[in-house]
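I opened a new notebook page for this structure. My notes follow in the order in which I looked things up.

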Amino acid sequence: MTSEVLSLEVKGLSAGYGGVPAISNVSLKVERGSVVTMIGANGAGKSTVIKSVCGLVKPTSGSVSLFGEDVTGKSPDRLVPRGLAVVPEGRRLFGDMTFRENLELGAYTKKDRHVVERNMERVLELFPDLKDRLASIAGTFSGGQQQMVAVARALMSDPQLILLDEPTIGLSPAMVERIAELIVNVSKSGVDILVIEQNAETALEVSDKAYILEGGHVIAEGDAATLAASEEVQKAYLGN
Ligand SMILES: Nc1ncnc2c1ncn2[C@@H]1O[C@H](COP(=O)(O)OP(=O)(O)O)[C@@H](O)[C@H]1O
Ligand SMILES: [Mg+2]
């Protein structure tokens with residue numbers, strides 16, 4: 001691990017919809033080997049940050065660099081082969097397809113059947129509860145299990161960095177805890193993570209570093225534990 005290499009470096013990113021700005025001058029870094037979170041309320045601009053990082057929304061200014069390479073405005077089909085995977089808001093599974101088929105679709109950049117099978121075995125080690133359910137239709141899974149399928153599918157492209165958009169939204173507290181464990185385990189397996197969350201408590205718990213987004217601006221950043229302990233975050237985001 002070389003300390004000067006960042007998985008992701010976003011500098012001064014601005015983007016919006018139909019000329020209306022949604023995020024302004026957002027900068028963030030994901031260091032190799034780390035879990036980073038960006039927390040913010042509904043409408044703060046979290047999804048827009050993810051979408052403009054992966055070129056689904058074209059930034060109006062600023063830059064995105066992935067593993068040291070400038071990729072500003074490049075679309076996901078260019079970024080996935082470079083080691084980025086995205087789990088979008090709302091999971092977007094193929095609900096009529098089996099878990100296995102969803103995983104195979106996640107491996108679309110890998111042409112070699114043996115590589116796909118090997119990846120699948122490796123990925124499934126992170127999902128002990130689901131590994132016997134490869135033949136089940138993904139749409140029949142619970143919300144939390146579908147979130148797991150979405151993460152598993154993203155991991156099938158063998159990414160070095162994964163972006164998660166609100167993985168715990170709408171899940172029961174027990175399932176939120178499972179997703180938190182999953183994030184920690186994915187990180188331990190060597191994948192860097194940027195997780196965007198409204199659920200500040202869980203996100204701060206699993207992250208090394210955190211950013212707070214309000215009204216499209218980064219208003220605070222720092223060590224996740226330090227931010228979690230700060231009076232401002234305790235009051236505004238942790239309900240204490
Ligand atoms: N497709 C869109 N068209 C127009 N406005 C949008 C669109 N998506 C998001 N917005 C607006 O951009 C702002 C940020 O939204 P978003 O990035 O989705 O926030 P978050 O993910 O934090 O809830 C909000 O004001 C939202 O209404
Ligand atoms: Mg969102």
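**Cut-offs first.** I call a residue exposed when its relative accessible area is over 50%, buried when that area is under 20%, and partly exposed in between. I also keep in mind that this is a predicted model.

**R118.** I started with R118. Is R118 buried or exposed? Its relative accessibility is 56%, which is over 50%, so R118 counts as exposed. I found R118 in helix α4, which covers residues 113-124. I then took its distance to A44. The two are 74 residues apart in sequence, and their C-alpha atoms are 39 Å apart in space.

**Whole protein.** Next I stepped back. I listed nine helices and ten strands in the protein. Its radius of gyration is 17 Å, close to the 18 Å that the globule rule gives for 240 residues, so the protein is as compact as a globular protein of that length. I also looked up the box that the C-alpha atoms fill. Along the principal axes it is roughly 45 × 40 × 40 Å.

**Inside and surface.** How many of the 240 residues count as buried? The share is 50%. I looked up the exposed area too, and it is about 11,000 Å². Carbon and sulfur atoms supply 50% of that area.

**Contacts along the chain.** I took the contacts between residues at least 6 apart in sequence. Of these, 68% join residues at least 24 apart.

**Charges.** I noted 24 positive and 31 negative side chains. The centres of the two sets lie 6 Å apart.

**Annotation.** I checked the record. An unreviewed UniProt entry carries the annotation "domain: ABC transporter" for residues 8-240. In the model, the end C-alpha atoms of residues 8-240 lie 32 Å apart. The span is 34% helix and 27% strand.

**N102.** I turned to helix α3, residues 99-106, where N102 is found. Its relative accessible area is 0%, under the 20% cut-off, so N102 is buried. What does N102 touch, leaving out residues up to four places away in sequence? I wrote down L93, F94, M97, A138, V149 and R153.

**S52.** I did the lookup again in helix α1, residues 46-53, which holds S52. S52 is buried, because its relative accessible area is 0% and the cut-off is 20%. Leaving out residues up to four places away in sequence, S52 touches L13, A15, I23, V57, P59 and V64.

**N25.** I then looked at backbone angles. Phi of N25 is near 55°, a positive value in a residue other than glycine. N25 lies in strand β2, which covers residues 20-31. Is N25 buried or exposed? At 56% relative accessibility, N25 counts as exposed.

**D158.** Where does D158 lie? I placed D158 in the loop between α5 (143-155) and β7 (161-165). Phi of D158 is near 60°, again a positive value in a residue other than glycine. Its relative accessibility is 41%, between the 20% and 50% cut-offs, so D158 counts as partly exposed.

**Recap.** I end with the residues I looked up. N102 is buried, and S52 is buried. R118 counts as exposed, and N25 counts as exposed. D158 counts as partly exposed.

Notes: Residues are numbered from 1 along each chain as its sequence is written. Chains are lettered from A and ligands numbered from 1 in the order in which they are written. This is a predicted model: local features need pLDDT of at least 70, side-chain atom pairs count only at pLDDT 80 or more; totals for chains, interfaces and linings use all residues. Side-chain values use heavy atoms; hydrogens and water are left out. Helices (H or I, at least four residues) and strands (E, at least two) are DSSP runs, numbered from the N terminus. The radius of gyration is taken over C-alpha atoms; the globule rule is 2.2 Å times the number of residues to the power 0.38. Buried means under 20% relative accessible area, exposed over 50%, partly exposed in between (1.4 Å probe, protein chains only). Contact means heavy atoms within 4.5 Å. Accessible areas come from the Shrake-Rupley method with a 1.4 Å probe; for residues, only the protein chains shown count as cover. Lys and Arg count as positive and Asp and Glu as negative; His and the chain ends are not counted. The place of a charge is taken as NZ of Lys, CZ of Arg, CG of Asp or CD of Glu. UniProt positions are given in the numbering used here, feature names are shortened, and annotations may be inferred rather than shown by experiment.
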